[in-house]
Amino acid sequence: MSTTKTKWTVNLKVYRKKGQKAPYYDQFTMEVDPDEYVLDAIERIWAFHDRSLTFRHACHHSTCGACGMLVNGVEKLTCITYIRDVVEDGGTIVIDPLRNFPIISDLVVDMSLFFDRMEMVGQRQVIPIAEEIVGSSQKAQSAGNGKEYLRLSDCIECGMCISACPIAATNPDYLGPAVLAGAQQSGLDKKPELLQIVDQENGLWRCHSAYECTAVCPSNVDPAWRIMDLRRQVTSQRFKRLFR
Ligand code: SF4
Ligand code: FES
């Protein structure tokens, strides 16, 4: 009679950084169910091995965008990444914080500049309750019409596109894929003031069309396509100005 082994032993090599101390890796050897998610294993490290490990998570179902990390060097939402998809029994999973953001502690990065830039292009991260959007189906359905309270459809603001972007890696002033995608959704026709923000040195012409952003995006945003479409919008605005 054949039996299926349901528990694997894996090593988790986890990036650690506290304050001004030099970064290092901690290794934890654990028994896991291969059908668990990487985030489950990270939470178990925190619960049973090291309470000082810091990491972000909230929804556990790919909605909040908080749990983005590098898993074996690739941007992943750890709450939907199966252990069996990134390691074999006896193998090692390397966990790092996202790239191209300042590190606050261990696996937690500072995304405040990214959120500010999203707001700058009309994609607000936090919506005051006083604006009474809850329960307003008309407002909720008006995605893409340029109204202030709308967010980039499908974008969960995980920052993984920025982590994967080769331009963001060399130029921290580059607006980045999600922000440019947000500007594209806001639309230059509806928000002409966005032209100055995106049509500049660190804006949409910096993109080298590597498409790494689209490759790692866990949602349906396709930021690379949106950047190309934004270029089309900007070029069209330039032509319109020529014939005015
Ligand atoms: S565009 Fe995609 S990868 Fe970038 S922040 Fe939004 S959901 Fe994340
Ligand atoms: S915990 Fe919310 S997206 Fe992973």
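How many C-beta neighbours does S209 have inside 10 Å? It has 9, so S209 counts as exposed; Figure 2 comes back to this residue. A word on the model before the close-ups. It's a predicted one, where local features need pLDDT of at least 70 and side-chain atom pairs count only at pLDDT 80 or more, while totals for chains, interfaces and linings use all residues. Residues are numbered from 1 along each chain as its sequence is written, and chains are lettered from A and ligands numbered from 1 in the order in which they are written.

**Figure 1. The whole chain, and how far to trust it.** Here we have 9 helices and 7 strands, taken as DSSP runs numbered from the N terminus (helices are H or I with at least four residues, strands are E with at least two). Of the 244 residues, 35% are buried; that word stands for 20 or more other C-beta atoms within 10 Å of a residue's own, with 12 or fewer making it exposed, anything in between partly exposed, and C-beta atoms placed from the backbone. Contacts (C-beta atoms, placed from the backbone, within 7 Å) often reach a long way along the chain: among those between residues at least 6 apart in sequence, 63% join residues at least 24 apart. The pLDDT, which is the predictor's confidence in each residue from 0 to 100, averages 89 for the chain, and 86% of the residues score at least 70. Residues 137–149 are another story, with pLDDT below 50, although the stretch has 21 contacts in the model beyond near neighbours in sequence. Where pLDDT is low, the predicted coordinates should not be read in detail.

**Figure 2. The loop between α7 and α8, and helix α8 itself.** S209 sits in the loop between α7 and α8, and its phi is positive, about 55 degrees, although it's not a glycine. A210 belongs to this loop between α7 (194–198) and α8 (212–216) too. That residue counts as partly exposed because it has 14 C-beta neighbours inside 10 Å. Its C-alpha lies 9.8 Å from that of A164, a residue 46 places away along the chain. Moving into helix α8, we find A215, which has 13 C-beta neighbours inside 10 Å and so is partly exposed. A215 and E75 are 140 residues apart in sequence, yet their C-alpha atoms are 9.6 Å apart in space.

**Figure 3. Around ligand 1.** Ligand 1 is surrounded by 15 residues, the closest being C155, C158, C161, C217 and V221; a residue makes the list if its C-beta atom, placed from the backbone, is within 6 Å of the molecule. By class the shell has 11 nonpolar, 3 polar and 1 charged residues. Nonpolar covers Ala, Val, Leu, Ile, Met, Phe, Trp, Tyr, Cys and Pro, charged covers Asp, Glu, Lys and Arg, and the others, Gly among them, are polar. Both α4 (160–164) and α6 supply at least two residues of the shell, and α6 gives the most, with 3.

**Figure 4. The largest nonpolar core.** This core has 57 residues, and V38, I95, C161 and L180 have the most contacts inside it. It's a set of buried Ala, Val, Leu, Ile, Met, Phe, Trp, Tyr and Cys residues joined through C-beta atoms within 7 Å. Its largest share, 5 residues, comes from helix α6 (residues 177–186). Domain 1 (8–108) and domain 2 (111–242) each put in at least three residues, with the bounds coming from an automatic or database domain assignment. C161, also among the closest residues to ligand 1, touches P177, A178, C213, V216, C217 and P223, leaving aside residues up to four places away in sequence.

**Figure 5. V179 on helix α6.** V179 lies in helix α6 and is buried, because 29 other C-beta atoms lie within 10 Å. Its touching partners, not counting residues up to four places away in sequence, are R117, M118 and V121. V179 and R117 are 62 residues apart in sequence but 6.3 Å apart in space, C-alpha to C-alpha.

**Figure 6. Two spots elsewhere, H60 and Y24.** H60 is in the loop between α1 (38–48) and β3 (68–71). It isn't a glycine, but its phi is positive at about 65 degrees. With 17 C-beta neighbours inside 10 Å, H60 counts as partly exposed. Y24 lies in strand β2 (residues 24–32); it counts as exposed because it has 10 C-beta neighbours inside 10 Å. The C-alpha atoms of Y24 and K13 are separated by 9.8 Å, with the two residues 11 apart along the chain.

Technical notes
Two residues are in contact if their C-beta atoms, placed from the backbone, lie within 7 Å.
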